[in-house]
Amino acid sequence: MPNSFKDYDDATASTTSVAFTTGDFEYLDTAHLKVIVTDTGNVSTEFLQTSTGQDNTNPPFTVAASSGTTTVTFNNMNGVTGSGLPANTDKVRVQRVTPSASLLTTFQNASLLRADDLNDNAKQLLFVLQE
């Protein structure tokens with residue numbers, strides 16, 4: 001079982017969202033997610049939440065997390081303003097992309113050591129190794 005992504009093999013152009021749980025895979029921040037859309041010709045296109053969609057203004061997808069379930073809603077991916085995936089979509093992968101160039105939390109002398117910060121640093125290392 002993969003630790004850093006979830007595939008949706010039944011996705012079509014009319015699919016407007018997908019959901020996964022922390023049992024599928026975990027992430028530290030919603031900005032660490034990307035969507036890979038594969039069409040019927042086996043051509044893959046990657047979308048990052050920080051990029052702009054087809055309308056050149058809004059992100060191509062949004063992420064909402066609640067009670068251990070994360071929902072990814074597709075916007076501006078289908079060539080027109082609106083929801084849904086590009087035409088001829090065959091499958092979708094939601095993948096974690098954890099930053100590896102620097103630590104998410106840097107500790108300083110005489111600073112407070114919080115368990116959450118230490119755990120996040122350990123998870124960042126684990127996630128980068130899994131990816």
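Which residues have the most contacts inside the largest nonpolar core? In this predicted model, they are Phe 20, Val 35, Val 72, Phe 74, Val 92 and Val 94, in a core of 18 residues. Strands E2, E3 (33-39), E5, E6 and E7 each put in at least two residues, and E3 gives the largest share, with 3. Beyond the core, there's an open three-stranded sheet, a helix with a buried side, and a couple of loop residues with positive phi.

**The core**

- As background, nonpolar side chains in soluble globular proteins tend to be buried together.
- Val 35 is a good place to start looking: setting aside neighbours within four places in sequence, its contacts include Phe 61, Val 72, Phe 74, Val 92 and Val 94.
- Val 35 also touches Thr 45, Glu 46, Phe 47, Met 77 and Arg 93, with that same sequence window left out.

**The open sheet**

- Three strands line up in the order E2-E6-E5, and the pairing is antiparallel.
- E2 (17-21) and E5 (61-66) sit at the edges with a single partner strand each, so one side of each has no neighbour in the sheet.
- From one strand to the next, the twist averages 20 degrees.
- On one side of the sheet order, E2 pairs with E6 (residues 69-74) through 5 bridges, running antiparallel; here Ala 19 stands opposite Thr 71 of E6.
- E5 and E6 are also antiparallel, joined by 6 bridges, and Ser 66 stands opposite Thr 69 in E6.
- E5 and E6 make a hairpin with 2 residues between them.

**Helix H1**

- H1 covers residues 115-130, which makes 16 residues; at 1.5 Å a residue these should span 22 Å, and the end C-alpha atoms are indeed 22 Å apart.
- Which residues of H1 are buried? They are Asp 117, Asn 121, Gln 124 and Phe 127.
- Those four cover an arc of only 130 degrees around the axis, which puts them on the same side of H1.
- The general rule behind such a pattern is that an α-helix has 3.6 residues a turn, so residues three or four places apart point the same way.
- Strand E7 (89-96) is part of what covers the buried residues of H1.
- Turn to the face pointing away from the buried side and you'll find Ala 115, Leu 125 and Leu 129, which are exposed.

**Loops and backbone angles**

- For context, most residues other than glycine have a negative phi.
- Asn 42 has a positive phi, near 65 degrees, and isn't a glycine.
- Where is Asn 42? Asn 42 sits in the loop between E3 and strand E4 (44-48).
- Is Asn 42 buried or exposed? Its relative accessible area is 64%, so Asn 42 counts as exposed, the cut-off being over 50%.
- Ser 67 is another non-glycine with a positive phi, about 55 degrees; this residue belongs to the turn of the E5-E6 hairpin.
- Ser 67 is exposed too, with a relative accessible area of 76%.
- Ser 83 lies in the loop between E6 and E7 and is partly exposed, at 42% relative accessible area.
- Ser 83 and Pro 60 are 23 residues apart in sequence, while their C-alpha atoms are 9.1 Å apart in space.

Conventions: Residues are numbered from 1 along each chain as its sequence is written. This is a predicted model: local features need pLDDT of at least 70, side-chain atom pairs count only at pLDDT 80 or more; totals for chains, interfaces and linings use all residues. Side-chain values use heavy atoms; hydrogens and water are left out. The expected span of a helix is 1.5 Å times one less than its number of residues. Buried means under 20% relative accessible area, exposed over 50%, partly exposed in between (1.4 Å probe, protein chains only). The arc is that of the directions from the helix axis to the C-beta atoms. Contact means heavy atoms within 4.5 Å. Two strands pair if DSSP finds at least two bridges between them. Axes are lines fitted to C-alpha atoms, for helices over the stretch in contact, and angles run from 0 to 180 degrees between N-to-C directions. A nonpolar core is a set of buried Ala, Val, Leu, Ile, Met, Phe, Trp, Tyr and Cys residues joined through side-chain atoms within 4.5 Å.
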